[in-house]
Amino acid sequence: GGSGTSAVNTGTQSLDLACTSAGSQVYTTIGRAPWAAPPTFDVRARISAFSSALSGDSVQMFVCDALAASITLGAQVNGNDTCTAFSSSGNPATTVTVAGAGDGQGWLRLVVIAGLQAAAYVGIGAAGEEPTSWTCVGYVQLAAGGRIAWPFIAWQMNRNSGSGNVTATVTSIRYVTAT
């Protein structure tokens with residue numbers, strides 16, 4: 001494990017992640033205090049660079065609950081442009097190949113509605129622009145008593161194969177009020 005670096009960049013968050021060896025992870029998180037009512041939010045982020053072309057390496061964005069660590073849903077882009085979702089109850093979707101997802105055009109998106117439903121998406125934005133359409137790669141439905149109350153959005157890079165350094169940059173992170 002380790003921690004990523006973050007800096008404000010033209011009004012959006014910019015994260016630079018780097019792993020030096022196989023079997024390592026680096027991550028950074030943004031948290032939010034508990035909501036009085038179940039939260040609804042939509043977070044979108046661009047993978048503006050990813051130096052790996054290996055299927056075993058990935059960049060992930062996921063939501064988890066600091067008050068109930070088992071509630072997790074995320075989306076990841078692997079070095080070979082395959083994209084998957086994952087959750088604390090297993091992988092809720094099949095692998096989707098999104099050409100160019102790791103080449104500066106790929107976006108990850110997480111939507112949580114009323115703290116009970118969460119969906120993960122991937123998309124491609126021409127010239128780095130936000131996508132006009134999204135591919136759902138997975139979702140979870142939580143029980144009424146298990147809503148997300150204290151969400152953290154996390155970005156993590158996994159170096160699981162190969163040798164040498166691998167780097168990724170996540171930019172244009174923005175929060176949208178979901179409806």
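This passage describes the predicted model of a 179-residue protein, from its overall fold to selected residues.

The model is predicted, with a mean pLDDT of 76. Of its residues, 78% reach 70 or more. Confidence is not even along the chain. Over residues 1–11, pLDDT stays under 50. The model nonetheless has 22 contacts beyond four places in sequence for that segment. Where pLDDT is low, the predicted coordinates should not be read in detail.

The protein has 13 strands and zero helices. Read along the sequence, the pattern is β-β-β-β-β-β-β-β-β-β-β-β-β. Contacts often span long stretches of chain. Among those between residues at least 6 apart in sequence, 66% join residues at least 24 apart. Of the 179 residues, 48% count as buried. The accessible surface comes to about 8000 Å². Carbon and sulfur atoms account for 53% of that surface.

The largest nonpolar core has 36 residues. Within this core, M61, W155 and M157 have the most contacts. Strand β4, residues 41–50, gives the most to this core, with five residues. The contacts of M61 reach several parts of the sequence. M61 touches V43 and A45, and it also touches L73, G74 and A75. Further along the chain, M61 meets L108, R109 and L110. Its contacts also include I153, A154 and W155. Residues up to four places away in sequence are not counted here.

Aromatic rings were examined next. The structure holds zero aromatic pairs. One charged side chain does sit over a ring: R109 lies over the face of Y121, at 5.2 Å from the ring centre. R109 is also among the residues touched by M61.

Strand β5 covers residues 58–65 and includes S58. S58 has a relative accessible area of 2%, so it is buried. Beyond its neighbours up to four places away in sequence, S58 touches F50. It also touches two runs of residues. One is Q76, V77 and N78. The other is Q156, M157 and N158. M157, named above for its contacts inside the core, is thus a partner of S58.

C19 lies in strand β2, residues 12–19. Its relative accessible area is 3%, so C19 is buried. Leaving aside neighbours within four places in sequence, C19 is in contact with S24, Q25 and V26. Its other partners are M157, R159, G164, N165 and V166. The pair C19 and G164 joins remote parts of the chain. These two residues are 145 residues apart in sequence, yet 8.5 Å apart in space, C-alpha to C-alpha.

T167 belongs to strand β13, residues 166–176. Its relative accessible area of 39% lies between 20% and 50%, so T167 counts as partly exposed. Outside its neighbours within four places in sequence, T167 is in contact with L17 and A18. A49, F50 and S51 are also partners of T167, as is M157. T167 and M157 are 10 residues apart along the chain, and their C-alpha atoms are separated by 8.3 Å. M157 therefore appears in the contact lists of T167, of the buried residue S58 and of the buried residue C19.

Backbone geometry was considered at two further positions. Most residues other than glycine have a negative phi, and most peptide bonds are trans. D81 has a positive phi, near 75 degrees. D81 is placed in the loop between β6 (68–78) and β7 (82–87). With 13% relative accessibility, under the 20% limit, D81 counts as buried. S172 also has a positive phi, near 55 degrees. S172 is found in strand β13. Its relative accessibility is 22%, so S172 counts as partly exposed.

A final loop position is G115. This residue lies between β9 (106–113) and β10 (117–124). At 0% relative accessibility, G115 counts as buried. G115 and A149 are 34 residues apart along the chain. Their C-alpha atoms are separated by 6.8 Å.

Key:
Residues numbered from 1 in each chain as written. Predicted model: local features only at pLDDT ≥ 70, side-chain atom pairs only at ≥ 80, totals over all residues. Heavy atoms only, no water. Helix = DSSP H or I, 4+ residues; strand = E, 2+ residues; numbered from the N terminus. Buried < 20%, exposed > 50% of the residue type's maximum accessible area, 1.4 Å probe, protein only. Contact = heavy atoms within 4.5 Å. Phe/Tyr/Trp six-rings, centres within 6.5 Å; stacked < 30°, edge-to-face > 60°. Lys NZ or Arg CZ within 6 Å of the ring centre and 35° of its normal. Core = buried A, V, L, I, M, F, W, Y, C linked by side-chain atoms within 4.5 Å. pLDDT = per-residue confidence, 0-100. Areas by Shrake-Rupley, 256 points an atom, 1.4 Å probe, with all protein chains shown as cover.
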